[in-house]
Amino acid sequence: MADSTRAQTAATAASSGGGPPGEGASYLERRTLRRGSAGPLLLTGLGVAYVVSGDFSGWNNGLAQGGFGGLAIAAVLMGLMYTCLVFALAELASILPTAGGGYGFARRALGTWGGFLTGTAILIEYVLAPAAISLFIGDYVESLGLFGLHSGWPVYLACFVLFIGIHLWGVGEALRFSLVVTAVAVAALLVFAVAAFSNFHVDTLNDIPVKSGAFGASSWLPFGVLGIWAAFPFGMWFFLGVEGVPLAAEETKDPARVLPRAMAAAMGVLLLLAVVTFTAATGARGSAAIQSVGDPLVQALQPHGTPTTISRIVNYAGLAGLVASFFSLIFAGSRQLFALSRAGYLPRFLSLTSRRKAPYLGLLVPGALGFALAAATGDGARMLNVAVFGATISYALMALSHLVLRRREPGLERPYRTPGGMLTSGVAFVLACSALVATFLVDEEAAFIALGVYGVALAYFAFYSRHRLVAAAPEEEFAALAAAEAELSRD
C-alpha cells in the first residue's frame, strides 16, 4: 500500500505542474496542435518530401570527393545509417508520440542536457536547410525564365511568405499540398530514369582522372580510400531529413501504429530513388561531366548542351522537388521549435498556437531568420553544410537514446520494436559519428560555424532556461514519471 501511494504521489507531482506560475492549466490549452490531421499516406509523403530535392542536385558534388566508387560506397553506408536510424526512431516514436521528436527521445534517455543538445542540433538543420533551398529555388526560377524573375531577395521572400502562409492555414492542407508537389517530383525522377537508362554506358561511370599518390586510388576510387569518407555528407543528400517524420506525431491518427509504417515506407521509396537516380545520371553522361554542376539530371539528358523535351520536364520538376523539401522542412522546424518552447527550453511565447492550431510564431520566427540568412549571405552550399553538421550530431544522439533506453528500461512498453534491437541502433550510432567527422573534411569552416551556434545556445540553456522548464510538457512529464518510477524501485 505504501509503494502504491508513493507511486501515485510521484505521478501526480510529475503531471500536476500545469503551466508556469500565473498561467495554470491554460498554458497547455494555448499550445495544442490539430490532432488526427495526418494519416499514413500524408506521413509517407512528408518523409519523401523532406528529401526529394536532394535527388535533383547536391549529391553529385560527392563525385568530386570520391569518384563514382567512393560516392557509391558512401551512399550505401549512409543509406544503411538512415535505415537503421529510421527503425530505431520508429520504436522511440511509438513510445513517445509527441511533437518533440528527437528532443523528447533524448530527454527521456539522456536527461535535460541531452534533450536540449539533440533538439538544438535538429533546429540547426531545419532552420538553415530551408534558407539554403530558397536560394536554389531562386536560381531555378531565373534559369527557367519564369515570369522574367531573377534570383534575389524578392524571390526568397515570396517563398517564405507563400509557403508559411499555407502552413498557417492548417496542417492538413499543408500536408496535402506537400504530397501533391512531392508526387510530381517523384514522377519526374522516374521519367528521368527511363530516359537516362536508354543512353546508359558503363565505361562513363569511372571517367574521373585518378589522383596520383592517393592511398588505394584506382579508376573506381580516383581519390583513394579517404575519398569514400569525404563523400559521406553527399551520400546523405539522398536521405537527409527523413528522420523528421516523428515531429508530426501529435497531429497523427494512431501515431504508435501509423508512424513506424509511414517511416519504413518513406525510407523504402527513398532507397529506390537513390539507386535509380545515382546510377542513371552517372551512366548517361559520365561522372566527370556532372560532378560539379547545379543540375546534374538535366545535364545527364543533354550531352551536347541542347535542351530536349524530357530535360525541360526534369528541369521544371527539379523546382517542384525544391518546393516540396522547402515546404516540409519548414513544417519540421516549426514543430521542433514548438516542442522546445512549450517545455521552456526556448522562450515560451514561441509555442503559442492559433485558432487553426498552427504554431504561428514557431513558423514566422524561423522563417524570418531563414529569409534574413538567405538574403544576407547568398551562400546556399555553406548553409547546407552547417545543416548537415547539425543533422549528424542529432543522429548520433538519437541512436544513443535508443541504446540507453533499451539497456536501462528493457520493460518499457514498446508498441513497435526495432528489428535487430541494439545492433541496429549501434550501427546507426557508429555511422553517424563517422559522418560527423567527415563534415570537417568537406567544409571545416561550416563545422565551426555550427559549433559556434551550438555554443551560444548552450550558454542560454545553462544560465537561463534550464531553471525554467515546464514540468507539464508531454516530454518533460514522460521523463519525470521515469525518474519517479526509478526512485520507487530503489526504495
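This note goes through the cores, pockets and cavities of a predicted model, together with two buried residues, Tyr395 and Ser287.

1. The largest nonpolar core is a good place to begin. This core holds 139 residues, and among them Leu43, Trp59, Tyr82, Ile137, Phe192 and Tyr395 are the ones that touch the most other members. Helix 5, which spans residues 63–95, contributes the largest share of this core, namely 17 residues. There is also a second core, separate from the first and made of 17 residues, and Ala99, Phe338, Leu346 and Ala473 are included in it.

2. Ile137 is one of the residues of the largest core that touch the most other members, and its contacts can be followed in the structure. When neighbours within four places in sequence are left aside, Ile137 is in contact with Cys159, Leu319, Leu322, Val323 and Phe326.

3. Tyr395, which is also among the residues of the largest core that touch the most other members, is placed in helix 16. Tyr395 counts as buried because its relative accessibility is 1%, and the cut-off for that class is under 20%. Outside its neighbours within four places in sequence, Tyr395 is in contact with Met81, Tyr82, Leu85, Glu125, Met236, Leu240, Gly241, Glu243 and Ala432. Two of these partners are also joined to Tyr395 by polar contacts between side chains: the one with Tyr82 is 2.7 Å, and the one with Glu243 is 3.0 Å. As for Ala432, the C-alpha atoms of Tyr395 and Ala432 are 5.9 Å apart in space, although 37 residues separate them in sequence.

4. Ser287 is the other residue to be looked at singly. Ser287 lies in helix 12, which covers residues 287–290, and it is buried because its relative accessible area is 0%, where the class requires a value under 20%. Not counting residues up to four places away in sequence, Ser287 touches Leu63, Phe68, Thr204, Leu205, Asp207, Ile208 and Thr282.

5. The largest pocket has a volume of about 610 Å³. It is lined by 25 residues, of which Leu123, Ile124, Val127, Leu369 and Val453 are the closest to its centre. At least two lining residues come from each of helix 6 (102–144), helix 14 (309–342), helix 15 (360–377), helix 16 (380–408) and helix 18 (444–463), and helix 6 supplies the largest share, with 6 residues. When the lining of the largest pocket is sorted by class, 21 residues are nonpolar, 2 are polar and 2 are charged.

6. The second largest pocket, with a volume of about 470 Å³, has a lining of 22 residues, and those that lie nearest its centre are Ser57, Gly58, Asn61, Phe136 and Gly294. Helix 6, helix 14 and helix 16 are the elements that give two or more residues to this lining, the largest share being the 4 residues that come from helix 6. By class, the lining of the second largest pocket divides into 10 nonpolar, 9 polar and 3 charged residues.

7. Turning to enclosed space, a search of the whole structure finds 4 cavities of 30 Å³ or more. The largest cavity has a volume of about 180 Å³, and of the 15 residues in its lining, Ser53, Ile133, Trp237, Leu240 and Leu384 are the closest to its centre. Helix 3 (40–51), helix 4 (53–56), helix 6 and helix 14 each provide at least two residues of this lining, and helix 6 accounts for the largest share, 4 residues. The lining of the largest cavity comprises 10 nonpolar residues, 4 polar residues and 1 charged residue.

8. The second largest cavity has a volume of about 90 Å³, and it is lined by 14 residues, with Tyr126, Pro130, Ile330, Pro366 and Gly367 the closest to its centre. At least two residues of this lining are supplied by each of helix 6, helix 7 (153–169), helix 14 and helix 15, and helix 15 gives the most, with 5 residues. The lining of the second largest cavity has 9 nonpolar and 5 polar residues, and no charged ones.

Methods
Residues are numbered from 1 along each chain as its sequence is written. This is a predicted model: local features need pLDDT of at least 70, side-chain atom pairs count only at pLDDT 80 or more; totals for chains, interfaces and linings use all residues. Side-chain values use heavy atoms; hydrogens and water are left out. A nonpolar core is a set of buried Ala, Val, Leu, Ile, Met, Phe, Trp, Tyr and Cys residues joined through side-chain atoms within 4.5 Å. Buried means under 20% relative accessible area, exposed over 50%, partly exposed in between (1.4 Å probe, protein chains only). Contact means heavy atoms within 4.5 Å. On a 1 Å grid over the protein atoms alone, a cavity is a set of points where a 1.4 Å probe fits but cannot get out, and a pocket is an open set with protein on both sides within 12 Å along at least five of seven lines; lining residues have an atom within 4 Å of a point. Grid points are joined across faces, edges and corners, and a volume is the space filled by probe spheres set on the points. Ala, Val, Leu, Ile, Met, Phe, Trp, Tyr, Cys and Pro count as nonpolar, Asp, Glu, Lys and Arg as charged, and the others, Gly among them, as polar. A polar contact is a pair of N or O atoms within 3.5 Å; within protein, one must be able to donate a hydrogen and the other to accept it, and residues adjacent in sequence count only if both atoms are side-chain atoms.
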